[in-house]
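Work through the following exercises with the sequence and the structure side by side, and try each task before reading its solution.

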Amino acid sequence: MALSSAIPRRAFLGSAAAAVAAVPLAAGVRRAAGAGPRTFTLTAAPATVKLVGGEWPATDAWAYNGTVPGPELRVRQGDTIRVDVRNGLGEPTTVHWHGIRLPNAMDGVPDLTQKPILPGEDFTYEFEAVDAGSFWYHPHVNSAEQQGRGLAGPLIVEEREPIAVDRDVTWVIDDWLLRETAQIDDSFGHRGQMSHGGRIGNTVTVNGRVPEAFRVRAGERIRLRLINVANARTFAIDFGVLKPRVIALDGQPVAPHEPPDGYVVLAAAQRADLVIDMDGRPGDAVQLTDSYYRGRAYAFLTVQYDDDPPLRESPLDAPVALPANPLPAPVVDDQAQRERIVLEGGAMGRFPEGAERFFEQNQFWFVNGLPDKGRTTPLIDIAKGRTCVIEMVNRTSWEHPMHLHGFAFRVVRRNGAPNMRGEWLDTVLVRAQETVEIAFVADNPGDWLFHCHILEHMAAGMSGIVRVA
Ligand code: C2O
Ligand code: CU
């Protein structure tokens, strides 16, 4: 059997796909209340993993602690987290704590917030989990390749008083470009990927395996934490007859609501927390599909009810709304600092004057006229404590999940219209030709990266610095 270049009907055409396994829990040090930091070790190194299952060979990957995804780091809001990172790769690395609000020196950006961790060396990160929510970690050196080879893992911060559910489940969703041998295609840095939609794969995994069945029990309430760690792929997951309620986006609580149009859309790096009451009957099966890309829908996985009698006859009667995190609310008035960011370039795009001189360095994306490698000063300077409103104008033919390090921001307008939900995000999908306005309080000093989370776009210039001082 050959791997087709389009994504096969089942996420990979293996015959014996696996049940969705849990992400391994890292053995955090058990501690008494009020004791010191929660301590973890992450070693980044080559590993062989069973991504596809069945007859397919194992895949040579890069992994944290030998597993893909890396271990789930799970702490409680208010805990101090300490992570000793060891570099067992043949090249430098760092770890970025995506979505976590932390001191700049812990942000994991090479040559901006720290020196890269060289092969054989280590670095200790330590920060407080100020916000509860679903976050994740990944390298920030040679990101397209290091993350594309498997380096990513979940970081879950539990609320001090979590909502009542029967199970709290994490799905780390990834997208791989594999060859027919189930090995990772090594076309990283390919110019076509960089100038188009990024590295879109042919194999989708949930918690490191091509999924088939996710087993549930009738009547149970599940909190499902979805984390998209793909380099580039956006997902639009249709839960069929299930009725998920969205309770958090990018880790930040949102008023519980059914997903608009029935799809949970997750761009690269985004998260969604859902509550689902499994209201089917024992033995039922529900097919979930992903239909984000037109004409390329595929079966994502099957939710399979087991035969046990229902856990309860009517849904759990308990609130699902999450307590707010301690985020400073931006006040969008004429005191606010207003900035504009114009995105240009890419295939079928318009380019700023003089753009060609950067093509040789594989810089195809431009922010306010310059690619990352052509810029010598911050994109934006903000006085500490001020509300900042950034209008992002996408003049390209492609969508861009734009990520700001160090802050959660509120999405205030899309194409000029007020965004009624006002959700907090750290990564916002700006569609082709769309304009999105975000606002946040610049309360945390430092040089923070602001970039497209399609990793091939970031590498090809769509990145800059927001300086708060
Ligand atoms: Cu997940 Cu620079 O980000
Ligand atoms: Cu992009």
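**Exercise 1.** In this predicted model, decide whether Glu159 and Arg223 are buried or exposed, and find out which parts of the chain their salt bridge ties together.

*Solution.* Begin with accessibility: a residue counts as buried when its relative accessible area is under 20%, and both Glu159 and Arg223 are buried. Next, look at the contact itself, where Glu159 forms a salt bridge with Arg223 and the closest N and O atoms are 3.0 Å apart. Finally, place the two partners: Glu159 lies in the loop between E8 and strand E9 (167-176), while Arg223 lies in strand E12 (residues 221-228), so the pair ties together parts that are 64 residues apart in sequence.

**Exercise 2.** Describe the salt bridge between Arg76 and Glu158, and state which network these two residues belong to.

*Solution.* The side chains of Arg76 and Glu158 meet in a salt bridge, with a distance of 3.2 Å from N to O. Arg76 is in strand E3 (residues 73-76) and Glu158 is in strand E8 (residues 153-158), so this pair links parts that are 82 residues apart in sequence. Arg76 has a relative accessible area of 33% and is therefore partly exposed.

For a further pair, consider Asp166 and Arg312, whose side chains meet in a salt bridge of 2.8 Å, N to O. Asp166 lies in the loop between E8 and E9, and Arg312 in the loop between strand E19 (298-305) and strand E20 (337-345), so the pair ties together parts that are 146 residues apart in sequence. Both partners count as partly exposed, Asp166 at 32% relative accessibility and Arg312 at 22%. As for the network, salt bridges that share partners join Glu72, Arg74, Arg76, Glu158, Glu159, Asp168, Arg223, Arg225 and Asp273 into one network. In the whole structure, a search finds 26 salt bridges.

**Exercise 3.** Which residues coordinate the copper ion (ligand 2), and how are they spaced in sequence?

*Solution.* The donors are His400 through ND1, Cys452 through SG and His457 through ND1, at 2.0 to 2.1 Å. Written as a pattern, the spacing of these donor residues is H-x51-C-x4-H. Since His400 lies in strand E24 (residues 400-404) and His457 in helix H3 (residues 455-459), the pair ties together parts that are 57 residues apart in sequence. Both His400 and His457 are buried.

**Exercise 4.** Give the order of the strands in the open sheet that contains E24, and name its edge strands.

*Solution.* The sheet has 5 strands in the order E22-E31-E30-E24-E28, and their pairing is mixed. Strand E22 (380-382) and strand E28 (427-430) are the edge strands, each of which pairs on one side only. On average, neighbouring strands of this sheet are turned by 20° against each other, direction ignored. Within the sheet, strand E30 (residues 446-452) and strand E31 (residues 463-468) run antiparallel and are joined by 6 bridges; Trp448 stands opposite Val466 in E31.

**Exercise 5.** Where do Asp250 and Asp261 lie, and is each of them buried or exposed?

*Solution.* Asp250, which has a positive phi near 50° without being a glycine, lies in the loop between strand E14 (245-249) and strand E15 (252-257), and at 2% relative accessibility it counts as buried. Asp261 also has a positive phi, of about 65°, and its place is in the loop between E15 and strand E16 (263-266); at 72% relative accessibility, Asp261 counts as exposed.

Definitions and conventions: Residues numbered from 1 in each chain as written. Chains lettered and ligands numbered in written order. Predicted model: local features only at pLDDT ≥ 70, side-chain atom pairs only at ≥ 80, totals over all residues. Heavy atoms only, no water. Salt bridge = Lys/Arg side-chain N within 4 Å of Asp/Glu carboxyl O. Helix = DSSP H or I, 4+ residues; strand = E, 2+ residues; numbered from the N terminus. Buried < 20%, exposed > 50% of the residue type's maximum accessible area, 1.4 Å probe, protein only. Donors = N, O, S within 2.8 Å, 3.2 Å for Na, K, Ca; no water. Pairing = 2+ DSSP bridges. Axes fitted to C-alpha atoms, helices over the stretch in contact; angles between N-to-C directions.
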